[in-house]
Amino acid sequence: PYLVHQDLVGEIAFVLRTYVKNKKGRCRIYEAPVDVQLDCDNKTMVQPDVMVICKREQMTKKNVLGAPDFVVEVLSKGTRKKDMTIKLNKYTNAGVREYWIVDPKYERVIVYDIENDLGISLYTFDDCVPVGIFNGECVIDFKKIKEYVGDFLLEE
């Protein structure tokens with residue numbers, strides 16, 4: 001992955017992890033590469049860029065069994081089509097509660113609120129994006145992330 005991809009993944013995971021720690025929550029935040037047996041059948045293995053697991057019984061020593069509660073995929077040239085179609089379908093069918101697609105090329109965030117069947121919300125990198133699984137109490141400020149990442153966004 002390009003550095004912009006890693007910066008975005010790291011910053012999003014940092015905000016999520018900080019929120020959970022401050023709330024003394026039980027959820028765990030992981031960044032790729034961590035295997036997820038999405039359908040618990042050894043047939044569908046994925047490695048989300050960022051994920052939140054709130055059911056500790058899903059975690060083994062080496063992977064996650066079943067759908068994460070929250071998934072973020074950061075698009076790149078090689079993953080764009082797969083993340084926006086195939087993975088969206090797989091995550092939806094497996095029971096992921098919320099799925100974000102972060103698009104550094106167009107500086108946008110597409111949020112799928114799968115759990116509440118509220119459809120799609122579109123944000124830009126100038127917005128604060130509420131995390132639905134945390135009732136909007138956790139917010140990812142993409143403007144701050146954009147300022148941190150800086151010129152790397154232009155190179156994606």
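Two strands count as paired if DSSP finds at least two bridges between them. The structure discussed here is a predicted model.

## The three-stranded sheet

Strand β2 (residues 35-37) and β5 run parallel and are joined by three bridges. That clears the cut-off of at least two bridges, so β2 and β5 pair. Within β5, L65 is the bridge partner of Q37.

The pairing belongs to an open sheet of three strands. Its order is β3-β2-β5, and the pairing is mixed. β3 and β5 (63-65) are the edge strands, and each of them pairs on one side only.

N63 lies in strand β5. Is N63 buried or exposed? Its relative accessible area is 10%, and the cut-off for burial is under 20%, so N63 is buried. Leaving out residues up to four places away in sequence, N63 touches D35, Q37 and Q58. The side chain of N63 also makes a polar contact of 2.6 Å with the side chain of T60.

Ahead of β2 is the loop from β1 (28-31), and P33 is found there. The peptide bond from A32 to P33 is cis, with omega near 5°.

## Strand β7 and the cores

β7 is mostly covered: six of its six residues are buried. In a regular strand, side chains alternate between the two faces of the sheet. In β7, E98, W100 and V102 point one way. Y99, I101 and D103 point the other way.

β6 runs parallel to β7, and five bridges join them. W100 in β7 is the bridge partner of V72.

What does W100 contact, leaving aside its neighbours within four places in sequence? The list includes F70, V71, V72 and E73. It also includes V109, I110 and V111, as well as V129, P130 and V131. I140 and F142 complete it.

The largest nonpolar core has 30 residues. Those touching the most other members are I12, L16, W100, V102, V131, F134 and F142. The elements that give two or more residues to this core are α1 (3-22), β4 (50-53), β6, β7, β8 and α3 (142-149). α1 gives the most, with eight residues. Apart from this core lies another, of 18 residues, among them I53, V64, V71 and I110.

## Helix α2

How far apart are the end C-alpha atoms of helix α2? They are 20 Å apart. Helix α2 (residues 80-94) has 15 residues, so at 1.5 Å a residue it should span 21 Å, which agrees.

There is also a kink of about 40° in α2, centred on K87. K87 is one of the buried residues of this helix, along with D83, L88 and Y91. An α-helix has 3.6 residues a turn, so residues three or four places apart point the same way. The cover over the buried residues of α2 includes β3 (45-46), β6 (70-74), β7 (98-103) and β8 (108-113).

R80 is in helix α2. Not counting residues up to four places away in sequence, R80 touches L75, D103, K105 and Y106. With D103 there is a side-chain polar contact of 2.9 Å. The C-alpha atoms of R80 and R17 are separated by 26 Å, and the two residues are 63 residues apart along the chain.

α2 is followed by G95, which has a positive phi near 105°.

## Loop residues

Three loop residues have the following accessibilities.

| Residue | Loop | Relative accessible area |
|---|---|---|
| K24 | between α1 and β1 | 73%, exposed |
| K55 | between β4 and β5 | 44%, partly exposed |
| N135 | between β10 (128-130) and β11 (139-141) | 68%, exposed |

K24 has a positive phi near 55°, in a residue other than glycine. N135 is not a glycine, yet its phi is positive, at about 55°. The C-alpha atoms of K55 and G66 are separated by 9.9 Å, and these residues are eleven residues apart along the chain.

Definitions and conventions: Residues are numbered from 1 along each chain as its sequence is written. This is a predicted model: local features need pLDDT of at least 70, side-chain atom pairs count only at pLDDT 80 or more; totals for chains, interfaces and linings use all residues. Side-chain values use heavy atoms; hydrogens and water are left out. Helices (H or I, at least four residues) and strands (E, at least two) are DSSP runs, numbered from the N terminus. The expected span of a helix is 1.5 Å times one less than its number of residues. The bend at a residue is the angle between axes fitted to the seven residues ending there and the seven starting there. Buried means under 20% relative accessible area, exposed over 50%, partly exposed in between (1.4 Å probe, protein chains only). Contact means heavy atoms within 4.5 Å. A polar contact is a pair of N or O atoms within 3.5 Å; within protein, one must be able to donate a hydrogen and the other to accept it, and residues adjacent in sequence count only if both atoms are side-chain atoms. A nonpolar core is a set of buried Ala, Val, Leu, Ile, Met, Phe, Trp, Tyr and Cys residues joined through side-chain atoms within 4.5 Å.
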